[in-house]
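Student: Let's go through this structure together. I'll ask, you reason it out.

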Amino acid sequence: MIVNPKRCILVSALVAVFVPAGPNASFARDCTVLPGVPVFQQDGVHNSSTRPLYETRVNHDPNGTGKFYMGREIAQVMGPGGIEWLDRREREEEEHPAEVIDALNLRPGEIVADLGAGSGYFTFRIAPKIGETGKVLAVEIQEAMLNTLRIRAAALKETNVEVVQGSETDPHLPVTGVDLVLVVDVYHELAYPFEVMTKVREALKPGGRVVFVEYRREDPEVPIKAVHKMSVEQLEKEMNAVGLVRVRTVETLPLQHIVIFEKHN
């Protein structure tokens with residue numbers, strides 16, 4: 001059902017939830033009556049227990065969007081002006097990207113999606129690891145980031161990098177065509193996390209992995225704004241909702257977790 005909030009008000013006997021679409025949304029809609037969050041059983045089939053996906057709150061963190069998913073406020077998105085920050089020299093020391101790559105256990109020939117690839121900081125570190133028979137799908141929705149990825153892929157002659165334009169609700173990945181999806185400091189900003197991760201799960205091959213790198217919310221000493229952090233507990237709750245199971249957590253980075261999930265059929 002598609003409605004315009006300027007022309008009408010939706011009233012439900014139980015709940016009314018308005019979710020404005022962002023500027024990069026793939027559907028022409030002003031607000032949507034959303035289904036409930038399915039609860040997946042071990043066989044990947046959800047039961048009938050549902051609840052509203054999102055809610056908006058007037059009182060919220062100024063660095064957040066006011067939109068909440070499973071009790072967590074969704075953070076504001078870093079714009080294309082953040083490319084300089086993504087490429088900062090200090091990132092090597094702060095985030096230990098080589099350790100992240102090692103934790104992925106990449107193999108030649110694998111298909112890897114870098115979801116929210118930004119300027120390609122991890123994309124172009126992954127490409128040599130999977131070789132000519134593999135492929136990196138660098139997924140972005142912002143035009144400036146997409147252009148940067150294309151320019152860098154051409155300059156580096158990385159023929160196994162494919163730039164993919166996703167949307168706020170769909171990363172446009174091939175169904176059962178991806179071995180691993182890497183999501184670095186991005187998940188907490190997704191405007192439609194349930195929809196995106198449902199598509200990610202569909203894209204995974206049997207036994208496929210999703211690897212999150214997020215700043216530790218459990219640690220108040222991590223000098224990052226609260227809405228830009230994720231706890232392992234919250235990640236696990238949100239991934240269970242789409243049928244992904246946590247298999248390992250790596251806590252060797254200075255400020256972030258590496259949290260690994262698998263698709264279990």
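The questions below deal with one strand, its partners and one arginine.

Tutor: This is a predicted model, where local features need pLDDT of at least 70, side-chain atom pairs count only at pLDDT 80 or more, and totals for chains, interfaces and linings use all residues. Residues are numbered from 1 along each chain as its sequence is written, and side-chain values use heavy atoms, with hydrogens and water left out.

Student: Is strand β10 largely enclosed or open?

Tutor: Strands are DSSP runs of E, at least two residues, numbered from the N terminus; helices are runs of H or I, at least four. Buried means under 20% relative accessible area, exposed over 50%, partly exposed in between (1.4 Å probe, protein chains only). In β10, residues 204-216, 10 of the 13 residues are buried, so the strand is largely enclosed.

Student: Which residue of β10 is the bridge partner of V184?

Tutor: Two strands pair if DSSP finds at least two bridges between them. β9 (residues 178-184) pairs with β10 in the parallel sense over 6 bridges. The partner of V184 in β10 is V213.

Student: Which residue of β13 stands opposite F212?

Tutor: β13 covers residues 256-263 and runs antiparallel to β10, with 7 bridges joining them. Opposite F212 stands V259.

Student: What is the C-alpha separation of R125 and P97?

Tutor: R125 lies in helix α4, residues 123-130. Leaving out residues up to four places away in sequence, R125 touches E92, P97 and I101 (contact: heavy atoms within 4.5 Å). R125 and P97 are 28 residues apart along the chain, and their C-alpha atoms are separated by 8.6 Å.
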